[in-house]
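Trainee: I'd like a close look at one part of this structure, with whatever surrounds it. Could you walk me through it?

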Amino acid sequence: MRTILFITDDGHASKDMVTLLRDLFALATIYQVNGKRASRYLESNTKPDLIVYMPGLTLDGLRDRFFRIKALAGRARILLYAEFELAGPSLFDYLAAGANGLLSKTSSMAEHHRALDTVMRGDSFVDDATKRRMLMWNRQQLAEWKSNIMTR
């Protein structure tokens with residue numbers, strides 16, 4: 001039986017997400033904790049197969065918490081809900097630190113299903129809108145770098 005840990009500080013989204021998780025993974029056991037209690041949960045319970053991490057509005061100040069969760073998670077796959085407009089280039093850091101997927105809360109229901117299924121299978125996932133924004137940011141950084149080199 002699969003175990004899913006749902007970490008959220010967003011009370012509005014939690015009911016909908018738990019319903020979605022139950023629909024997609026009918027035989028899974030789902031535990032829900034807030035971000036501050038996630039480390040304590042992971043230290044004292046069986047390691048989950050999947051962690052769905054949906055912080056409040058922003059990822060600011062949560063990098064250390066994420067790293068701790070990742071360190072305690074064992075082989076759990078992690079799907080992180082984040083908005084590029086709020087998190088910006090730090091999303092690259094979360095991917096480098098071991099997030100298996102990034103998904104915007106505003107993604108379509110089909111993308112939510114695809115992301116959860118893809119990450120649970122062990123593959124990586126970034127929703128299309130976030131991917132476009134990340135690529136545009138990379139292109140801007142590259143253009144600025146080239147411009148700086150050319151003006152020297």
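Trainee: To start with, in which loop does Ser-124 lie? Please take it from there and then have a good look at helix 3 and the core.

Mentor: Sure, and keep in mind that this is a predicted model. Ser-124 sits in the loop that runs between helix 6 (109-121) and strand 6 (125-126). With a relative accessibility of 61%, Ser-124 counts as exposed, because the cut-off for that is over 50%. Setting aside neighbours within four places in sequence, Ser-124 has contacts with Asn-100 and Thr-118. Leu-79 is 45 residues away from Ser-124 in sequence, yet their C-alpha atoms are 9.0 Å apart.

Now for helix 3. Its buried residues are Phe-66, Ile-69 and Leu-72. They span an arc of only 135° around the axis, so they end up on the same side of helix 3. That fits the usual geometry: an α-helix has 3.6 residues a turn, so residues three or four places apart point the same way. Over on the other side of helix 3, Asp-64 and Ala-71 are exposed. Just past the end of helix 3, Gly-74 adopts a positive phi of about 65°.

Ile-69 takes us into the largest nonpolar core, which has 23 residues; Ile-69 is among those with the most contacts inside it, as are Leu-5, Ile-7, Leu-42, Ile-51 and Tyr-53. Elements giving two or more residues to this core include strand 1 (3-8), helix 3 (63-72) and strand 4 (77-81). Apart from this core there's another, of 20 residues, including Phe-6, Val-18, Leu-21 and Ile-30. Back in the largest core, Ile-7 is in contact with Ile-69, and its other contacts beyond four places in sequence include Val-33, Ala-38, Ile-51 and Tyr-53.

Conventions. Residues numbered from 1 in each chain as written. Predicted model: local features only at pLDDT ≥ 70, side-chain atom pairs only at ≥ 80, totals over all residues. Heavy atoms only, no water. Core = buried A, V, L, I, M, F, W, Y, C linked by side-chain atoms within 4.5 Å. Buried < 20%, exposed > 50% of the residue type's maximum accessible area, 1.4 Å probe, protein only. Helix = DSSP H or I, 4+ residues; strand = E, 2+ residues; numbered from the N terminus. Contact = heavy atoms within 4.5 Å. Arc of directions from axis to C-beta.
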